[in-house]
Structure formats: structure tokens, C-alpha cells
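Reader: Before I rely on the terms used for a structure, I would like to hear the reasoning behind them. Could you take me through it, step by step?

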Amino acid sequence: MKPAAFCYHRPNNRAEVDELLTELLSPEVYLLAGGQSLVPALSARSVRPEHVVDLNHLHGEPVVPVAEGDRVRIGPHVRMSTLRADRRLAGRLPILAEMIAVTANTAVRNRATVIGNVMCGEIAAEFPALAILLNAQALVRRDGETSVVPVAELASARRTRPAGGPAGGAWTSEIILPLPDPQTRFAFAESARRHSATAVAGVVAMAGLTPAGPVVRACVFGVGTRPFSVTVTSSGEYAGGLADEIGQRVRAGVQAQDDVHASADHRRSVAADLAVSVARRALTGQVRR
Ligand SMILES: Cc1cc2nc3c(=O)[nH]c(=O)nc-3n(C[C@H](O)[C@H](O)[C@H](O)COP(=O)(O)OP(=O)(O)OC[C@H]3O[C@@H](n4cnc5c(N)ncnc54)[C@H](O)[C@@H]3O)c2cc1C
């Protein structure tokens, strides 16, 4: 099929995007970034916007992540492949490249933007789970004003509509990804019914040491309509039992849904088992072979 007719807009800079989103009174306004979720949804007519605002022609937007001290700024033109290839990030946060390597395929990653990946509403999206684990923030612009919104909030809000739903008068101009302490260890795993299929459940975990003792934080994705995060700390130096506790907390707390890929019970159970093994790997610094 082909998309239904819509008005196409090509703003040249951030201010023009702001103006368009304020002026276009229709609720059905979608932003076009890499198009990897939006274009198939347009073609299938599961979305029928009156207006599409193309973000690909903004002048002066960096196409690479911009390092700024202990954080990285990711603008609307940074593609998933570029983020994966970034050398500084590869040295500081190797789990990022590992997770992006299993996100979709090369052709999709070459077009898909990082911000589009957060906004597209995909419940099994890998990058948003890592961003949530790191407490990443998004700069959201509405009526020319910018507010700082946790990526956790932004990604969760988009999970129920095809291609993440319409813009609703706002857009994301940057994601700010904090870089962890170099001693922090990460691990990640996901499980799918067959090779390369959408994950039934996935978990990314980080383990570190605070003055109070070891701490493990995990984020589960692909299971409910929102990524589920859990943090467990140990009083004292002993880290044994933390991974099992993470698993119990995931099993008890994660909201799962039945769908064609898996039952809610199966998703919960896979998520809890993965959480234990991923948390254990993060704690021991074990690298998966
Ligand atoms: C074959 C295939 C396999 C895939 N597998 C995976 C996978 O394994 N893991 C995974 O995570 N994803 C997967 N995806 C989803 C893919 O990652 C997303 O389609 C892509 O990241 C969306 O980014 P985009 O730049 O193409 O966004 P677009 O498709 O252009 O836009 C998607 C949504 O984001 C909104 N949006 C985009 N930019 C902004 C912005 N700056 N501010 C506000 N809203 C914005 C748009 O309005 C739209 O609603 C897969 C997709 C395909 C086609």
C-alpha cells in the first residue's frame, strides 16, 4: 500500500520546527526522522497524519554524538550506526555497541536515529533500556520552551500507538547520556523465539560500588508497556545474593502482557531468569563469549 495524502513540511532549523508544531493545529502531526517506523506505518495506513514534519534538513545539527565532560549529547541527526561506531563511547561504554549490534539490522541502523529509536514506541527497544539505566534525560521543546524530561518517562509514554503516536506539539532536540564511572560493569542479554526475532524479554544491568556497598541496577525491556527498572544494594562488602534478589524483584514487579509472541507468564519468567544471569555477569565482570 501507499500512504494516504498528507502535507509535507521541511523546516531548516530548530526554531522553524518549534513554529510549525505550534502553528499546525491538527492533532495528527508526525515527525519524520529516519523513517524506519514511520514510513512502514504510513504505507500500511495504520497512521494517517494530516502533516509530516521532516527533521532531516535542519542546518547545523551534528551527525555525531558530542562529548561534554562526563556526558554525551545526542541530537536529532545522530543515527544508530554512528552511535555504535563512536570510538570514545566504545572505550567508555562498550555495552552500548553490544546492544546496538542486535538492534534491527545494518540497513535499519544506518537510517534510524537514536531519538527516533526512543520515540518509536517499540517495546523491545534495546537502547532506551540502557539510557534509562544511566538516567539519561531528553530535551523536549514545546512552544519554543525547552524542558528536561527523563528518557524513562518519554519512552514509556510512547508505547501504545503505532510508530509512537503523533508529536502532540512537542519534539525532542537532544538526548543527554551520562557516562558511568569507568569502574562500573555492565551486562546485557535478550531472548527471542528464534534467531534475530523481536525479543520476548531483555535485560541490561550495571554493577558498581558505592560507599555503602555493592549496588546492582537492572532494566527489563520487551515485557510490558514500559521498561521496568530495579536497584538492589548490599549493606557491607558482600555482593552474594544480589543477583537472586534482582530476579525476585523482577518476577514480582514486572508488568507483562500476552501477545502473539509469548504469554505474560512466559515473558515474566524469561525476564526474571535473564535478570539473575545478567546481574550475576555484571557483578563478576564476566564477559559473554
Ligand atoms: C526490520 C526492523 C527491525 C527492527 N528491529 C528493532 C530492534 O531489534 N530493536 C529496536 O530497538 N528497534 C527495532 N526496530 C525499530 C527501529 O529501531 C525504529 O524504527 C527506529 O529506531 C526509529 O527511528 P527513526 O529515526 O527511523 O524514526 P521515525 O520512523 O522517523 O519516527 C518514529 C517516531 O519517532 C518520532 N520522532 C522521531 N524523531 C523525533 C524527535 N526528534 N522528537 C520527537 N519525536 C520524534 C516520530 O514522530 C515517529 O512517531 C526495527 C525496525 C525495523 C524496520
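Author: What follows is an exchange about a predicted model, in which each term is set against its cut-off.

Reader: What makes the pair Phe-188 and Phe-221 a stacked one?

Author: A search of the whole structure finds one aromatic pair. The ring centres of Phe-188 and Phe-221 are 6.4 Å apart, and the limit for a pair is 6.5 Å; their planes meet at 15°, and planes under 30 degrees apart count as stacked, so the pair is called stacked.

Reader: Why can this pair be said to tie together separate parts of the sequence?

Author: Phe-188 belongs to strand β9 (residues 185–192), whereas Phe-221 belongs to strand β11 (residues 213–221), so the pair links parts that are 33 residues apart in sequence.

Reader: How do you know whether Phe-188 and Phe-221 are buried or exposed?

Author: The relative accessibility of Phe-188 is 1%, and that of Phe-221 is also 1%; because buried means under 20%, Phe-188 counts as buried, and Phe-221 counts as buried too.

Reader: What makes β9 and β10 a pair of strands, and in which sense do they run?

Author: Two strands pair if there are at least two bridges between them, and β9 and β10 have eight, in the antiparallel sense. Within this pairing Ala-187 stands opposite Ala-205 in β10. The two strands form a hairpin with six residues between them, and in the turn Ser-196 has a positive phi of about 70°.

Reader: How many bridges support the pairing of β10 and β11?

Author: There are nine bridges between β10 and β11, again in the antiparallel sense, with Val-204 opposite Cys-219 in β11. These strands also form a hairpin, here with two residues between them.

Reader: Why is strand β10 described as largely enclosed?

Author: Of the twelve residues of β10 (residues 199–210), nine are buried, so the strand is largely enclosed by the rest of the structure.

Reader: What makes helix α8 largely enclosed?

Author: Eight of the eight residues of α8 (residues 126–133) are buried, so the helix is largely enclosed by the rest of the structure; among them are Glu-126, Phe-127 and Pro-128. After the helix comes Asn-135, whose phi is positive, near 60°.

Reader: How do you know that Glu-126 makes a polar contact with the ligand?

Author: An N or O atom in the side chain of Glu-126 is 2.8 Å from a nitrogen atom of the ligand, and because the limit for a polar contact is 3.5 Å, this pair qualifies. Taken alone the ligand exposes 970 Å², of which the protein buries 86%. A backbone N or O atom of Gly-34 also lies 2.8 Å from a ligand oxygen atom, as does a backbone N or O atom of Leu-38.

Reader: Which residues and elements make up the shell around the ligand?

Author: The ligand is surrounded by 29 residues, and Gly-35, Gln-36, Ser-37, Thr-113 and Ala-163 are the closest. At least two residues each come from β2 (29–32), α7 (114–119) and β8 (170–178), and α7 gives the most, with four. By class, 16 residues of the shell are nonpolar, ten are polar and three are charged.

Reader: Why does Arg-141 count as buried?

Author: Arg-141, which is found in strand β6 (residues 137–142), has a relative accessibility of 15%; the cut-off is under 20%, so Arg-141 counts as buried. A polar contact of 2.5 Å joins its side chain to that of Asp-18.

Definitions and conventions: Residues are numbered from 1 along each chain as its sequence is written. This is a predicted model: local features need pLDDT of at least 70, side-chain atom pairs count only at pLDDT 80 or more; totals for chains, interfaces and linings use all residues. Side-chain values use heavy atoms; hydrogens and water are left out. A residue is near a molecule or strand if one of its heavy atoms lies within 4 Å of it. A polar contact is a pair of N or O atoms within 3.5 Å; within protein, one must be able to donate a hydrogen and the other to accept it, and residues adjacent in sequence count only if both atoms are side-chain atoms. Accessible areas come from the Shrake-Rupley method with a 1.4 Å probe; for residues, only the protein chains shown count as cover. Ala, Val, Leu, Ile, Met, Phe, Trp, Tyr, Cys and Pro count as nonpolar, Asp, Glu, Lys and Arg as charged, and the others, Gly among them, as polar. Rings of Phe, Tyr and Trp (its six-membered ring) pair if their centres lie within 6.5 Å; planes under 30 degrees apart count as stacked, over 60 as edge-to-face and the rest as tilted. Buried means under 20% relative accessible area, exposed over 50%, partly exposed in between (1.4 Å probe, protein chains only).
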